[in-house]
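User: I have a structure open and want to go through it in pieces. Can we begin with one pair of side chains?

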Amino acid sequence: MVDTATIDVITETTRSLQLEQARGQPFDYKWIIKDPRDQEKMGGLYLTHSPQFTALSDQQAWKLVCYQGNTGEEHTMTVALVQTQPDNAGVQYVDYECKVWDQDERHVNASYGCVSVRGNHLVSLVDFPRHSWEISKAIVIQLKLWRKSVNAGYIQPQRKTYLHDSGEQHAVKNLSLDMGEALLSGMFSDVTLVVEGRRFKAHRFVLAARSPVFARMFLSDMRESRDQEIQIPTSNRDCFRKFLQFCYTDAVQNVELDAIGLLLLADHYDVQGLRWVCEKCLLAVMCAENALDIMLVADLINDAKLLIKTMEYIKPRQEAVYRTVRHDELMATKTSQMLRMKWMVENYKIEEPEREEPEGEVRELLV
């Protein structure tokens, strides 16, 4: 009888050895945060960063940032990585391993995977409970980075380890991770989506459950309901890969790099969760250089909320926005749309917030 446990151990050992040979030696960095509860706050939320360090090349400087309130959850702390002095490589993929401990070397949380990084953009690595931050005398963050990624074809969902109240350590292989692995492996797939010549193996029931558009497509008499391969002409393959990742795992990293393309896909396939994520991201990264692009896409998909927010941003900054190179490019290629956008901004009136009447004794004094 074959000992399957032994085979699993040998397979995992071989895989780890192959990864080390492919990626080379990692850069190792340890950050110790003493007295976490006494760290600085911004807007009432914890926000602290590590000293700057050089990693992967002499031209790249990095920092770790630990902050509270990622995605609006104030009970969560997030460890993120940011390039403060990037080299000229542009976007690059790196493998990472990030572990969080307390002062007694108890494991708080950990994650590993592949992320794409770009200068001055925060990349979330791992979350952990805020109560661990507030009750610990020190938080230790151990980071490993590999410059040569063996996973550059995809972004791997985070595998998280939580420390339960019982004090026992549990490895949580959650649904998001399992679904992500199903997408990557293509096991039991029953449809292939072709984007710019690249084939993505997928599962009809997942696509139908996540997208009403795919559901109608597979239930109708359209050719796509019978064909094993479906051409997707409206997207680039990198953006569509992130779209599929969200459909399977309900998460996607580095949204800001493809936020407009992902928003168009979310609108086209009616994936409301991804649409909300993209809108939040675009509002957060809006600046003079991209405001017009955001306004154009908001108008295209009839997103009234995003359109209003964009006009409110552009209205007091028209001179700066209209002096950008991107403005000139859009005026040359989309003249009629741009003239209409400018007219809308010029005639938009920003409503002043209503003043609340003072109550109680203060009102009596004013009267």
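Analyst: Glu-134 and Arg-130 both sit in helix H2 (residues 130-135), four residues apart, which is about one turn of the helix. Helices (H or I, at least four residues) and strands (E, at least two) are DSSP runs, numbered from the N terminus. This is a predicted model, where local features need pLDDT of at least 70, side-chain atom pairs count only at pLDDT 80 or more, and totals for chains, interfaces and linings use all residues. Residues are numbered from 1 along each chain as its sequence is written, and side-chain values use heavy atoms, with hydrogens and water left out.

User: What do the side chains of Glu-134 and Arg-130 meet in?

Analyst: They meet in a salt bridge, 3.4 Å from N to O. A salt bridge here is a side-chain nitrogen of Lys or Arg within 4 Å of a carboxyl oxygen of Asp or Glu. Side chains of opposite charge can pair when their charged atoms come close.

User: Is Glu-134 buried or exposed?

Analyst: Glu-134 is partly exposed, with a relative accessible area of 24%, and Arg-130 is partly exposed too, at 27%. The cut-offs are under 20% relative accessible area for buried, over 50% for exposed, and partly exposed in between (1.4 Å probe, protein chains only).

User: How many salt bridges are there in the whole structure?

Analyst: The search finds 14.

User: Which residues are linked in a network of them?

Analyst: Asp-267, Arg-275, Glu-279 and Asp-303. Arg-275 bridges to Asp-267, with the closest N and O atoms 2.7 Å apart. The side chains of Arg-275 and Asp-303 also form a salt bridge, at 3.6 Å from N to O. That second pair links distant parts of the chain: Arg-275 is in helix H8 (residues 272-285), while Asp-303 is in the loop between H9 and helix H10 (304-314), 28 residues apart.

User: And which of those count as buried?

Analyst: Both Asp-303 and Arg-275 are buried. Arg-275 counts as buried because its relative accessibility is 13%, whereas Asp-267, at 29%, counts as partly exposed.

User: New topic. What does Ala-259 touch?

Analyst: Leaving out residues up to four places away in sequence, Ala-259 touches Cys-278, Cys-281 and Leu-282. A contact means heavy atoms within 4.5 Å. Leu-282 is 23 residues from Ala-259 along the chain, and their C-alpha atoms are separated by 6.7 Å. Ala-259 belongs to helix H7 (residues 259-269) and is buried, with a relative accessible area of 4%.

User: Now the sheet. In what order do its four strands come?

Analyst: The order is E1-E10-E7-E8, in an open sheet with antiparallel pairing. Strand E1 (27-34) and strand E8 (107-117) are the edges, each pairing on one side only. Two strands pair if DSSP finds at least two bridges between them.

User: How many bridges join E7 to E10?

Analyst: Eight, between residues 92-102 of E7 and residues 138-146 of E10. One example is Cys-98, whose bridge partner in E10 is Leu-143.

User: Last thing: what is the mean pLDDT of the chain?

Analyst: The mean is 77, and 77% of the residues reach 70 or more. pLDDT is the predictor's confidence in each residue, from 0 to 100. Among the elements, helix H9 (residues 291-300) has the highest mean, 93, and helix H14 (residues 361-366) the lowest, 36.

User: Where does pLDDT stay under 50?

Analyst: Residues 357-367 are one such stretch, and the model has three contacts for them beyond four places in sequence.
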